[in-house]
Each structure stands twice: as C-alpha cells, then as structure tokens.
Amino acid sequence: MSDRPIDSTGARTAERSHDRPVESAVRSAQDIRETARRLATVHEAALAGELPSDAARDAPRAVIGESWRRVLGSGVDPDRVRAQQPLSVAELEHRRQHSQLASILPVLSGGLLPTADAAQQIMVVTDAEGRLLWREGSAPIRRMADRLGFDKGADWTEGVVGTNAIGTALVARSPVLVHSAEHFLRSHHSWTCAAAPLHDPRDGRLLGTVDISGPAHSFHPTTLSLVSAVARLAEGELRTRHHASLERLRSSAAPVLARIGGRALAVDPNGWTAAVTGMTPPDRVALPKTPVAGPLWLPRYGMCTLEPLPGGWLIRLGRPEPTPRPHRVVLDVGGRDGPAVTVAGPAGSWSHALSPRHAELLFLLAAHPRGRSAAELARDLFGDGGRTVTVRAELSRLRRHLAGVLAHRPYRFADGVEVELRLPPRPLELLPHSTAPAVLAARRGGGFAADGARVPPHGRGVP
C-alpha cells in the first residue's frame with residue numbers, strides 16, 4: 001500500500017508564492033495619509049499617459065504598475081464601474097456547495113475576523129474566477145461595500161473593477177495589497193484591500209482568494225502579512241484533511257485489496273492514490289471528470305474496471321469480468337451506532353457511516369423504489385420543492401461514496417441493486433434527529449408517496 005507524499009511540483013510552486021516577500025505601499029501607520037496623497041498624484045499621471053518606468057522614484061510598485069497597464073489596455077473606465085452581472089442565488093449556492101474553500105471557512109474566519117472587526121473591515125472569500133462567495137465582518141462596512149457593488153456574487157476581476165487586491169492577486173498568483181489610489185477606479189480610492197490566493201495543496205490549482213477590505217484610514221501595515229499567513233494556514237488544513245481522507249480510504253480498501261488477485265488501486269474521487277496491490281503506486285490516476293462504475297479505459301493502464309468504495313474508487317486493471325455479480329445494499333437506520341450503509345460487490349463488501357442528511361436521502365430512496373425527482377426530494381426533506389440545488393449538491397456528495405449503486409433521472413437505487421432496509425424496533429426511533437416532513441410522516445406510520453411506496457414494518461429487514 002502506498003504512503004508516498006502527495007505534494008506535486010505544482011503544490012510546491014503554490015507554497016513558494018506565499019514565501020515571496022510581502023510588499024506594501026505603506027511602511028507604517030503614520031505613513032498612510034501621506035502615501036495616499038502620493039499615490040493619487042501617480043494615479044493621475046498614469047491616466048494622463050505618463051506612467052513612469054518601474055525604475056523611476058515616483059513609479060508605482062511593480063505589481064501595481066503591471067496591473068495598471070493591463071487595465072488600461074482592457075478599456076476599463078476609471079470613473080465608471082462596468083455593469084455587474086452578479087451570480088443568481090441558485091448559482092451562488094451551487095458554487096459554495098462545490099467549493100473546496102467551504103470546508104476551511106472556519107480557519108479563515110477564526111484567523112481574520114477578530115482583526116477585521118476590530119479595524120472596521122470585512123473578510124471576503126472568492127472563487128478562482130473572482131466571484132465573491134462569502135462576505136463577513138463589520139455591518140457598517142458591509143453597507144459601504146454594498147454601494148460599490150462589493151457583495152456576494154459580484155465579479156471582482158481586473159477586467160470589471162480594475163486594479164484591486166482580489167483581481168490582481170488572481171493574476172499575480174501571490175499576496176497583494178492595494179492601498180487607496182493604487183486602485184484603478186477613483187470610486188475605490190477610499191479603500192484598502194489585502195488579498196492572498198488560495199491553492200489546492202495537492203497540485204497547486206488555484207481555488208480562489210481570501211481578502212480583507214475596509215476604509216483606507218483604518219488599514220494597518222501588517223494586514224497583508226496576516227492575510228498571507230492565514231491563507232497558508234488554510235492550505236495546510238486542506239492538506240491535513242486530504243491526508244486524513246486518504247487514510248480512511250486506505251483502511252476501507254485494505255480488506256478488499258487483500259482478496260484481489262492481480263493489480264488494483266484504491267483512489268479518491270480525484271484520482272489520488274491511497275493504496276495498491278501488485279504494482280508500483282502512482283501518485284495519481286487520471287480519472288474522467290464524472291467517472292461511473294463499470295468498464296473504463298485509462299491511458300496509462302488500458303482496460304480497467306471501476307467499483308465504488310467509501311470515499312473513492314477501486315480500479316482493477318485488466319479486462320473486466322464478463323458478468324460482474326450484482327451489488328447488494330443494506331441500509332441500516334436502526335442501529336445503535338447510527339445510520340450506516342453496507343455495499344456488497346464483486347470484490348467483497350464495505351460499510352460507510354452516514355451523515356444525518358445522507359441517511360435521510362437513502363431512506364427516502366429505499367422507501368421509493370421507483371425514484372424521486374430533485375423537487376420531490378426537496379419537498380420530502382424541507383417541505384419546499386424549490387430547494388433543488390441543495391438536494392442535488394448532497395446527492396452529488398453521496399454518489400462519491402455510492403457511485404454505481406445510485407442512479408438519477410429520477411434519483412433511485414440503480415437497476416439490479418438489491419436493497420435491504422433495516423428499521424428501528426419502534427417508529428419513533430426512526431432517524432430521531434430528523435425534522436424532514438417525509439421522515440416525520442414515516443414515524444407516524446403513514447404512506448407518503450404518490451407511487452404507492454410505503455415504509456416497511458419497523459424492526460424488520462425488508463429486501
């Protein structure tokens with residue numbers, strides 16, 4: 001089994017981007033107002049076509065001068081903000097649900113919000129496209145930001161709002177502070193922003209930025225260093241979580257791999273290798289964007305067979321078996337240790353503990369063998385058929401563990417999968433912490449499906 005390090009050249013490059021000297025236009029708190037006046041003069045000269053060379057004494061810092069040249073070339077008007085096309089509520093929620101940054105928000109907030117609140121500033125987290133996904137901090141400053149369009153869903157790239165810490169950090173791929181008149185738009189000259197890019201520590205892929213913004217007079221010279229340090233801490237948390245997820249996958253895969261004759265790998269949903277048998281472990285396997293269970297041709301290995309594991313995939317190298325045995329699923333929502341699902345497949349069986357939401361979803365699918373649409377599941381879970389984005393996001397996560405077992409359009413257990421639902425002895429013990437309308441109805445013992453599906457008698461195994 002593989003214990004090789006997961007850091008790639010890209011990840012090391014991402015780390016080095018944070019190791020560069022943190023550069024700021026302001027050297028001390030007393031220097032803030034004088035610097036703002038000097039920058040305003042330089043800004044006006046740049047707009048008049050007199051942008052000095054980087055070597056000149058009154059030149060802007062290199063990162064700002066390069067950004068101004070890009071923005072001037074793209075036709076951004078310093079006196080007029082380009083019309084924003086903010087994300088819809090549904091698209092914003094979709095991006096949040098699928099962003100790796102959602103899991104490290106507590107790290108970012110814990111490291112930055114106390115300082116931001118004390119200094120009357122706000123914290124913003126964007127995706128790699130410069131779209132604002134989260135915004136927290138001082139309520140008065142949030143209201144000031146609203147007047148600039150600096151709100152959730154907005155596009156804060158250089159091509160839309162000119163030179164700014166978020167957009168410029170996305171281009172420079174390194175921490176950037178933009179103070180006062182270093183902003184290209186005059187309407188932003190009363191603000192100072194410090195942003196650092198956030199990278200996937202596994203491969204160096206850009207995930208987004210974290211930013212602290214607020215009135216220029218409340219800015220402290222150490223803000224950029226703080227933002228950069230917290231960004232590195234958050235990337236470290238992502239790395240730690242990835243190692244932990246691979247270790248969990250390795251534990252689940254060990255008994256399966258021990259029974260396999262030949263070559264096989266256990267990889268996470270992104271192809272990172274957790275364990276192997278019969279071969280030299282690669283760092284990563286190139287999987288399709290949306291892999292499905294069954295035969296698959298991989299460039300490096302030829303024909304293979306994919307089977308789901310909790311938290312990843314089992315890849316068996318070589319020609320697939322002509323008729324793999326059908327899967328069997330046991331959904332236990334009555335056990336003392338909490339809800340769990342056990343899957344039996346061609347390579348053996350494995351079990352996976354379920355979160356409360358995933359237990360609700362699988363219970364509903366087991367009770368509705370003909371399947372449920374996203375809108376129907378939204379009504380079952382929330383009493384609101386409009387919450388389909390949340391349902392689809394949760395099912396997407398669930399299918400990472402149960403790919404090949406679950407089907408969609410409508411959502412259901414796949415054809416040929418034998419499902420056994422194990423319920424608690426008493427109806428009131430069914431998912432006791434759930435407030436989903438359909439689960440509440442099931443506790444009362446009533447049918448709730450238009451297709452005639454009913455909850456089986458409690459306490460019995462129902463195939």
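Buried means under 20% relative accessible area. By that cut-off D127 is buried, and R95 is buried too. The model described here is predicted.

**Confidence**

The chain has a mean pLDDT of 83. Of its residues, 82% reach 70 or more. Two stretches fall under 50. One is residues 1–16, where the model has 35 contacts beyond four places in sequence. The other is residues 446–463, with 48 contacts beyond near neighbours in sequence.

**The five-stranded sheet**

Five strands make an open sheet. Their order is β2-β1-β5-β4-β3, and the pairing is antiparallel. β2 and β3 stand at the edges. Each has a single partner strand, so one side of each lacks a neighbour in the sheet. From one strand to the next, the twist averages 15 degrees.

β3 is an edge strand, yet both of its faces are covered. V176 and V178 are buried on one side. L177 and H179 are buried on the other. β3 runs antiparallel to β4, and four bridges join the two. Two of the facing positions can be named. V178 stands opposite C193 in β4, and V176 stands opposite A195 in β4.

Helix α6 covers residues 139–147. α6 lies across β1, β2, β4 and β5. Its direction is at about 140 degrees to β2.

**Salt bridges**

A search of the whole structure gives 24 salt bridges. Three of them are set out below.

| Salt bridge | Closest N to O distance |
|---|---|
| E182 with R61 | 3.0 Å |
| D127 with R95 | 2.8 Å |
| E420 with R422 | 2.8 Å |

Take E182 and R61, whose closest N and O atoms are 3.0 Å apart. E182 lies in the loop between β3 (176–179) and β4 (191–199). R61 lies in the loop between α2 (32–47) and α3 (62–74). The pair therefore ties together parts that are 121 residues apart in sequence. Are these two residues buried or exposed? E182 has 1% relative accessibility, so it counts as buried. R61 has a relative accessible area of 12% and is buried as well.

The D127 and R95 side chains meet at 2.8 Å, N to O. This pair also links distant parts of the chain. D127 is in strand β1 (residues 122–127), R95 is in helix α4 (residues 89–98), and 32 residues separate them.

E420 and R422 form a salt bridge at 2.8 Å. E420 has 10% relative accessibility and therefore counts as buried. R422, by contrast, is partly exposed, with a relative accessible area of 38%.

Some salt bridges share partners. Which residues do they join into one network? The members are E91, R95, D127 and E129.

**Helix α4**

R95 also belongs to the buried set of α4, alongside L92, R96 and Q97. What do the buried residues of α4 pack against? They pack against β1, β2 (132–137) and α12 (388–402). The packing partner β1 is also the strand that holds D127, the salt-bridge partner of R95.

**Helix α10**

Helix α10 spans residues 356–367, twelve in number. How far does α10 reach from its first C-alpha to its last? The span is 17 Å, close to the 16 Å expected at 1.5 Å a residue. α10 is mostly covered, with nine of its twelve residues buried. Among them are the leucines L361, L362, L364 and L365. H358 and E360 are buried too. A359, F363 and A367 complete the list.

**Around A407**

A407 lies in strand β14, which covers residues 406–407. With 15% relative accessibility, A407 counts as buried because the cut-off is under 20%. Which residues does A407 contact, leaving aside neighbours within four places in sequence? They are R412, F413 and A414. A407 and G371 are 36 residues apart in sequence. In space, 8.9 Å separates them, C-alpha to C-alpha.

Notes: Residues numbered from 1 in each chain as written. Predicted model: local features only at pLDDT ≥ 70, side-chain atom pairs only at ≥ 80, totals over all residues. Heavy atoms only, no water. pLDDT = per-residue confidence, 0-100. Contact = heavy atoms within 4.5 Å. Salt bridge = Lys/Arg side-chain N within 4 Å of Asp/Glu carboxyl O. Buried < 20%, exposed > 50% of the residue type's maximum accessible area, 1.4 Å probe, protein only. Pairing = 2+ DSSP bridges. Expected span 1.5 Å × (residues − 1). Axes fitted to C-alpha atoms, helices over the stretch in contact; angles between N-to-C directions.
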